[in-house]
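Student: Please take one part of this model and go through it closely. I want the helices, what packs on them, and the loops and ligand that go with them.

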Amino acid sequence: TYILAIETSCDETAAAIIKNGTDIISNVVSSQIESHKRFGGVVPEIASRHHVEQITIVIEEALTKANMTPSELTAVAVTEGPGLVGALLIGINAAKAFAFAHGLPIVGTHHIAGHIYANNLVQPMEFPLLALVVSGGHTEIVLMNEHGHFELIGETRDDAAGEAYDKVARVLNLPYPGGPHIDKLAHEADEAVKFPRIWLEEGSYDFSFSGLKSAVINYKHNMDQRGEEIVAAHVAKGFQDSVVEVLTAKTLRAAREFNVKQVIAAGGVSANKGLRTSLEETFAAEGIPFYVPPLNLCTDNAAMIGAAAHYMFVAGERGNMAMNGRPGMELKTWVK
Ligand code: ATP
Ligand code: MG
Ligand code: FE
């Protein structure tokens with residue numbers, strides 16, 4: 001298959017052409033980070049407006065870079081959810097118009113399935129597979145027994161890992177998005193402030209990051225009260241050490257319990273150097289193959305949507321012209 005994939009769930013307008021769910025023919029991402037920076041987060045109305053301005057350009061560029069015409073395509077895929085409804089709708093309407101104009105089938109894809117399938121563009125996925133999904137809105141451990149099968153083993157009960165990174169970054173007066181800045185500071189630090197590890201009940205694969213975030217806020221507050229200066233790098237390292245230790249330990253325990261053949265990391269926070277190193281070392285010692293996509297495929301892109309959509313298309317999944325944005329869409333198995 002040759003699938004034109006479109007992604008507009010949050011603040012990147014993206015289009016890509018993917019062959020057989022494994023090969024990137026073209027991959028175009030237009031980021032809006034600069035426009036949202038001064039607000040310290042994504043502003044939905046601004047995101048939608050940017051998507052409207054960029055979507056046609058980005059789709060045309062994906063075709064031009066691939067040196068392909070619409071008649072050579074097999075299908076159009078688009079992120080159906082989860083995400084910002086106004087943002088999702090721009091991509092969905094563009095996909096519908098393109099599919100209708102060129103007589104192509106349309107496939108509505110789950111954003112997190114996309115993040116997981118980014119790995120298939122690097123290394124063919126092997127099952128049973130365990131995915132640690134860590135992004136701006138999600139933190140979960142997903143078990144896959146075959147393509148299109150998703151079982152939620154654990155998830156965050158409050159903040160997502162990326163959300164915690166961005167909130168802690170604000171406390172440290174770092175620019176949005178804060179994840180990469182905390183990562184960099186943590187690597188420069190020679191010392192770490194000791195913050196708690198939130199394990200929850202014995203045996204649980206769930207996560208909680210809001211307590212850790214509060215611990216950082218309290219630490220800063222107490223230091224301020226005493227008239228002492230905090231060392232941002234020491235706080236960053238303390239926070240990151242806690243996040244990485246819990247994510248790694250729970251992923252390892254799940255990998256053992258479900259006897260998986262492959263472990264992958266997915267989502268924006270999997271770009272984190274500390275987390276990548278920790279998972280790489282842990283699974284090398286365990287003897288389980290571990291993969292994580294290159295940085296540009298960790299954060300939002302359309303290539304990952306095209307990879308997931310290939311397997312959906314092959315399994316017979318089809319959307320239609322009534323497709324709507326689904327902000328709270330759940331990750332559902334598509335293999336019947
Ligand atoms: P979702 O995928 O859950 O809908 P999203 O699409 O907004 O949310 P992504 O684009 O996958 O999320 O990831 C963005 C998040 O990744 C941000 O919170 C950002 O701070 C975080 N992030 C990016 N790079 C790093 C890094 N090096 N270390 C830690 N966090 C990072
Ligand atoms: Mg984003
Ligand atoms: Fe994402």
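Tutor: The account below takes one helix in detail, then follows its contacts outward.

This is a predicted model: local features need pLDDT of at least 70, side-chain atom pairs count only at pLDDT 80 or more, and totals for chains, interfaces and linings use all residues. Residues are numbered from 1 along each chain as its sequence is written, while chains are lettered from A and ligands numbered from 1 in the order in which they are written.

Start with helix H7, residues 210–225. Helices here are DSSP runs of H or I with at least four residues, strands are E runs of at least two, and both are numbered from the N terminus. H7 has 16 residues, so at 1.5 Å a residue it should span 22 Å, and its end C-alpha atoms are 22 Å apart, in agreement. The expected span is 1.5 Å times one less than the number of residues.

Leu212, Lys213 and Val216 are buried in H7. Buried means 20 or more other C-beta atoms within 10 Å of the residue's own; exposed means 12 or fewer; partly exposed lies in between, with C-beta atoms placed from the backbone. Down the axis of H7, the buried residues fall within an arc of 110°, so they line one face of the helix. The arc is that of the directions from the helix axis to the C-beta atoms. An α-helix has 3.6 residues a turn, so residues three or four places apart point the same way. The face turned away from the buried side carries exposed Ser214, Asn218, His221, Asn222 and Gln225.

What covers the buried face? The cover over the buried residues of H7 includes helix H5 (161–171) and helix H8 (232–257). After H7 comes Gly227, with a positive phi near 70°.

Now H8. Its 26 residues should span 38 Å at 1.5 Å a residue, and the end C-alpha atoms are 38 Å apart, which agrees. Asn259 follows H8 and has a positive phi, near 50°.

H8 also feeds the core. The largest nonpolar core has 104 residues, of which Ala5, Ala15, Ala16, Ala62 and Ala131 touch the most other members. H8 gives the most to this core, with ten residues. Such a core is a set of buried Ala, Val, Leu, Ile, Met, Phe, Trp, Tyr and Cys residues joined through C-beta atoms within 7 Å. In soluble globular proteins, nonpolar side chains tend to be buried together. Take Ala15 as one case: leaving out residues up to four places away in sequence, Ala15 touches Leu4, Ala5, Ile6, Val28, Val58, Ile59, Ala62 and Ala302. Contact means C-beta atoms, placed from the backbone, within 7 Å.

H8 leads on to helix H9, since the buried residues of H9 pack against H6, H8, strand E9 (262–266) and strand E10 (290–291). H9 covers residues 273–286; its 14 residues reach 20 Å from first C-alpha to last, close to the 20 Å expected at 1.5 Å a residue. Buried in H9 are Gly274, Leu275, Ser278, Leu279 and Phe283. Seen down the axis, those residues fall within an arc of 140°, so they line one face of the helix. On the other side of H9, Glu281, Ala284 and Ala285 are exposed. Gly287, just after H9, takes a positive phi of about 80°.

Next, ligand 1. It is surrounded by 24 residues, the closest being Gly136, Gly137, Gly162, Gly179 and Gly268. Helix H4 (111–117), H5 and helix H6 (179–188) are the elements that give two or more residues to this shell. A residue is near a molecule if its C-beta atom, placed from the backbone, lies within 6 Å of it. By class, the shell has six nonpolar, 15 polar and three charged residues. Ala, Val, Leu, Ile, Met, Phe, Trp, Tyr, Cys and Pro count as nonpolar, Asp, Glu, Lys and Arg as charged, and the others, Gly among them, as polar.

Gly268 brings in Thr299. Neighbours within four places in sequence aside, Thr299 is in contact with Gly268 and Ala271. Thr299 sits in the loop between helix H10 (295–298) and helix H11 (303–314). Thr299 is buried, because 27 other C-beta atoms lie within 10 Å.

Last, two loops. Pro177 is in the loop between H5 and H6, and the peptide bond from Tyr176 to Pro177 is cis, with omega near -10°. Pro128 lies between H4 and strand E6 (129–134); the bond joining Phe127 and Pro128 is also cis, with omega about -5°.

Conventions. Two residues are in contact if their C-beta atoms, placed from the backbone, lie within 7 Å.
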